[in-house]
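Reader: I am new to this structure and should like to understand the terms used to describe it. Please explain the reasoning behind each description.

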Amino acid sequence: MTAVPTLLAIILASFFLMRLAPGGPFDGERPLPPETQAALQTAYGLDKPLWEQAWIYVSRLVQGDFGPSLVYRDFTVSELVAQGLPISLTLGGLAIILALLIGISAGLFAAVRAGKAADKTIMMIATVATALPTFVTGPALALFFGLWLDLLPVSGTGEGWSWLIMPVIALALPVSGAIAKLTRAGLATVLKQDHIRTARARGLPETKILFKHGLRPALVPVASYLGPAAAGLLTGAVVVETVFGLPGLGRYFVQGALNRDYPLVLGVVTLYAALIILFNLFADLIYGWLDPRMREG
Amino acid sequence: MSIYEIRDMAIEIDGKRLVEGVNITVEAGKCTAIIGTSGSGKSLSCLTPFGLTSGVAQGSITLDGIDLIRADAHQMQEARSRLTGFVFQQPLTALTPHLTIGAQLQEAAAQAGSSRLSRHELAQRLDRVGLSRADERLDQFPHRLSGGERQRVMIAAAIAHEPKLLIADEPTSALDASLRGEIMALLDELRLERGLAMLLVSHDLASVEGHADHLIVMDQGRVVESGPTASLITNPQEEYTKRLIAATARLDEPAPQLQAVGDILLETEAVTVTFPRPGWRRGKIKAVTDTSLHVREGEALAIVGGSGSGKSTLGKAIAGIGPLTSGTISWQGQPLPKRRARTVAMRALIQPVFQDPVASLDPQWKVRDIVAEPVKNLQPEILRKDRDAIVLKALEDVELGEEYLDRMPTSLSGGQAQRVAIARAIIASPQLLVLDEATSALDPLVGSSILQLLRKLQQANNLSIIFITHDIASARRLCHRIAVLDEGVVVEMGDMDSVISNPTAVTTQKLIAAS
Amino acid sequence: MKALLKRDHWPLWVVLSVMALALILPAILPWTYDQIDWDAVRAPAFSGSHIFGTDEIGRDRLARLAAGTQVTLMVAIAAALVSLVVGIAWGATAGWVGGKVDEAMMRFVDALYALPFMFIVILLMVIFGRSILLVFVGIGLVEWLTMARVVRGQVMALKQRPFILAAEAAGSPPLTIILKHILPNIAGVALAYLMLTVPQVVMVESFLSFLGLGVQEPLTSLGILVKEGADDMDMTPLGLLLPGGLLVLLLVCLTIEGERLRDTYS
């Protein structure tokens, strides 16, 4: 399993980048208040040899200690993460569920009517959907439903669940388009295959053939897409949180990047990397269930 | 009593009439076989009446009293589910990959509406078709089984609901040669045991000869000739049928006149080829083990075996385009170095011809450049203008005209492409040709004409040939001697006729039975 | 070439027209993209010489649109080419050499694939500063992964094809085989994926610019224009809809064309 070494590599790379980066807290260019200096000293053991520092960093990381934030002086990175993570996870989770629901249904609907007008229309809509960047749809939705129609809140959370609607839709749109196309292509391919002909030759009704023999292999491309989809959702979440002013991880990340708050940025990157790797493993499991040939190594 | 009767059937796809005037009769307990090349319409004729192709059938088609043309959806479903069973060509893809064998067999058995079978009953059915460890198999997925085993499962599934008609579309073509005899024998057994009416489709006359009562020959969408098998074969009336029968190699035809042979040219001694296992798995795969053989000047040696026997690997090692782990390959006494170390002069001695003609030609190159490639490398002293003349001569030798020079491989038929490949192989005047299943992927008529071409070239240029194949009967038409390979080891070797009349190894016997 | 004139390839023509306009307009418009018209701030469309009006500082919207499109497309094509070169080199080497080298090279690709590369790019930007060169290289380095995988798959498949073995038997040296037999046969697929990479890069670049991390002032890009438009959308929606709409149009056309090419060569 390449997961653990990959994560380790990311963490180490992040650490060394941080140490080498100009304008950081470690080369004395920025004057820091003594408390922060002291906190850094303990956190990173700045007087010890480099590789020992790396070890300290990694061991703290594993325990969930990402170090202090440089910008939000009173908080450690872990505390900021704990605040932002639930929001980002909710956004991302709902978005992927919505994308799967819309995408798979649209794809199935189109595939069963392959070649006809309904199929072509749905696929064209799906293609357009994949080309809609979240930073365009986000503001556009906010403009239309928020400012013009005044139906939904344009920024911030609170007031129940309505704040979720536009961000989730903006996030889910491109992913649902991609899933629709993959589902339709997958099913169209599968329906031409031999084992479908065998099922027809047995006199089985078409719907049964579709769902029992056709669906699982058809969803294989969607399963392989889940990994990259998660990565895409995380990056899209960054935009959506910025546009809609939601205090999720993505927004902290952007603020940290702009303000050169290295511990924060690196903490978020590591966390995201871990999340994606986890999600990839999950996607592999689903893949194995869909196609038994993948189960053995 | 005829179960299935087709009169004057025509089939159209997208308005194009592809099949016309076809009559087929299948009787209970008897087997009718349709023989033809690809594109003859044989598969279309079998599958279209049941709505399994995109074609539309017209004419009179009656199955057990049901008129299939005028059948409504319900009757059609009944015809498929209750009365007919199907066995298709590619066992790997014909079974659903994500359902277990047991689940699929259960579904097949239940298609006629009967109640669920117990696990024991399912295992019994698998056992009946010769599948070992039947109970274990019920929980396995199709990709865990070998090709032959999967086909047995298909057969079990096809008869699970006690149909009256069994349609088998090229049931053995995708299987290893040594298995063909067994599968055909199994089908015969089941047919007689249950009084099944069987409709068989094949492109290979030899494989159905001993099993069909009635033969129908099709070409280009029409029935050329039909009649009881025995009389059709001994006394064909139509020209096409005669050519087809002549093209099909048989073991009992008269021995060919082969030319005299000279001294030993190529010798292999204790040749072994092993491959590391793919992925992270440990251990090696032994493709060829400790093989020793020789080929004389002007001689044709057949290397025969089933798939996985290592014959291709051996051929590639000899031709210097595949790995060689240990042992020596020598030419006229001098050892030949391994693959990448072979010099240009050595390459000129041995040339290969492959099984898939179109895949052996670079799709981006013109015929003229393809055939000229060996000359450019092996005889660089020849100038371009002279080279063209040599290319033309090579094309002439393989009976292709000047108009082929600027054609692209994708525009060539299988036979034409193979001729181009042979032209490329002989253009630099090699002394040994390694033919790796060079006729196996071609239609019988085309294949036999290629074989004739090879004989002509062999005699004209005193060529030595290594003919790798699974088809002993074809090999007999060309080769002096034969070596039989099984799992990488030579199990039998000797003169063609003596090995065929007195086979000692089990593999040889199976391969002979398949012919 | 003739095939490109058919109606089927309308997306390509749309993109080319947009590119042409982006190049020509700055030469004929009376305003440049950073010129401030003190008399016309937030002017609506069709007011005087400003066809699409001006933004909140007084700069001509159309001029800025043209300039932004130029930058966005230039970055996209350059980065896509970088990814093409790196991807082909990596993938062809891995595919041709095979064995342990291939395994090592592809595991590297797999590991990178799993990363939230967007974040790595941002990280690099933050640390090394924001130069346009870094934008090119950074984005290209991120997109080469897919190209590498595709090329490697193609090369591996081709390596086993009999015509490659026949070329070896005919005495062609490995370099000749790679240049004359393998590369021509992967050109089609590589081109198709190149076309698909361009919209990806456009998205990444716009995204970075939107966050303020990409192209720097005084240069502008479609991403920056969208950000400015979004910030100002309650006053002048046109500021968002114009660059946003153009961006979506470009992405859609490039994607359709790229997929068509990919389907032809698969």
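The following exchange takes up the chains, a helix, a residue, a sheet and a contact in turn.

Reader: How do you know that the dimensions of chain B agree with those of a compact globule?

Author: The model is a predicted one. For 515 residues, a compact globule would have a radius of gyration near 24 Å, and chain B has 25 Å; the two values therefore agree. Along its principal axes, the C-alpha trace of chain B spans about 75 × 50 × 45 Å. Chain B contains 20 helices and 20 strands, and buried residues make up 48% of its 515 residues. Of the contacts in chain B with a separation of 6 or more, 69% join residues 24 or more positions apart.

Reader: What makes up the secondary structure of chain C?

Author: Chain C has 9 helices and 0 strands, and its pattern along the sequence is α-α-α-α-α-α-α-α-α. Buried residues account for 51% of its 266 residues. Among contacts in chain C with a separation of 6 or more, 66% are between residues 24 or more positions apart.

Reader: How do you know that the span of helix H7 of chain B agrees with its number of residues?

Author: Helix H7 of chain B covers residues 147-159. At 1.5 Å a residue, its 13 residues should span 18 Å, and the end C-alpha atoms are 19 Å apart, so the expected and computed spans agree.

Reader: Why is H7(B) called largely enclosed?

Author: A residue is buried if 20 or more other C-beta atoms lie within 10 Å of its own. In H7(B), 11 of the 13 residues are buried, and the helix is therefore largely enclosed by the rest of the structure. Among these buried residues are Glu149(B), Arg150(B), Val153(B), Met154(B) and Ile159(B). Their cover includes strand E6 (84-87), helix H3 (91-94), helix H4 (101-110), helix H5 (119-128), strand E7 (165-169) and helix H8 (177-194) of chain B.

Reader: Why is Gln58(B) counted as partly exposed?

Author: A residue is buried at 20 or more C-beta neighbours within 10 Å, exposed at 12 or fewer, and partly exposed in between. Gln58(B) has 14 such neighbours inside 10 Å, so it counts as partly exposed. Gln58(B) lies in strand E4 (residues 56-63) of chain B. Not counting residues up to four places away in sequence, Gln58(B) touches Met9(B), Ala10(B) and Ile69(B). The C-alpha atoms of Gln58(B) and Ala10(B) are separated by 5.2 Å, although the two residues are 48 residues apart along the chain.

Reader: What makes E12 and E15 of chain B edge strands?

Author: The open sheet of 4 strands in chain B has the order E12-E11-E14-E15, with antiparallel pairing. Strand E12 (284-296) and strand E15 (334-336) each pair on one side only. From one strand to the next, the twist averages 30°.

Reader: How do you know that E14(B) and E15(B) are paired?

Author: Two strands pair if at least two bridges are found between them. Strand E14 (residues 326-331) of chain B and E15(B) have 3 bridges, in the antiparallel sense. One of the bridge partners in E15(B) is Pro335(B), which is matched with Ser330(B). Helix H12 (residues 311-319) of chain B lies across E11, E12 and E14 of chain B, at about 120° to E11(B).

Reader: What makes up the contact between chain B and chain C?

Author: The contact takes 20 residues from chain B and 14 residues from chain C. On the side of chain B, H14(B) gives the most, with 4 residues. The residues on that side divide into 10 nonpolar, 5 polar and 5 charged.

Key: Residues are numbered from 1 along each chain as its sequence is written. Chains are lettered from A and ligands numbered from 1 in the order in which they are written. This is a predicted model: local features need pLDDT of at least 70, side-chain atom pairs count only at pLDDT 80 or more; totals for chains, interfaces and linings use all residues. Helices (H or I, at least four residues) and strands (E, at least two) are DSSP runs, numbered from the N terminus. Axes are lines fitted to C-alpha atoms, for helices over the stretch in contact, and angles run from 0 to 180 degrees between N-to-C directions. Two residues are in contact if their C-beta atoms, placed from the backbone, lie within 7 Å. Ala, Val, Leu, Ile, Met, Phe, Trp, Tyr, Cys and Pro count as nonpolar, Asp, Glu, Lys and Arg as charged, and the others, Gly among them, as polar. The radius of gyration is taken over C-alpha atoms; the globule rule is 2.2 Å times the number of residues to the power 0.38. The expected span of a helix is 1.5 Å times one less than its number of residues.
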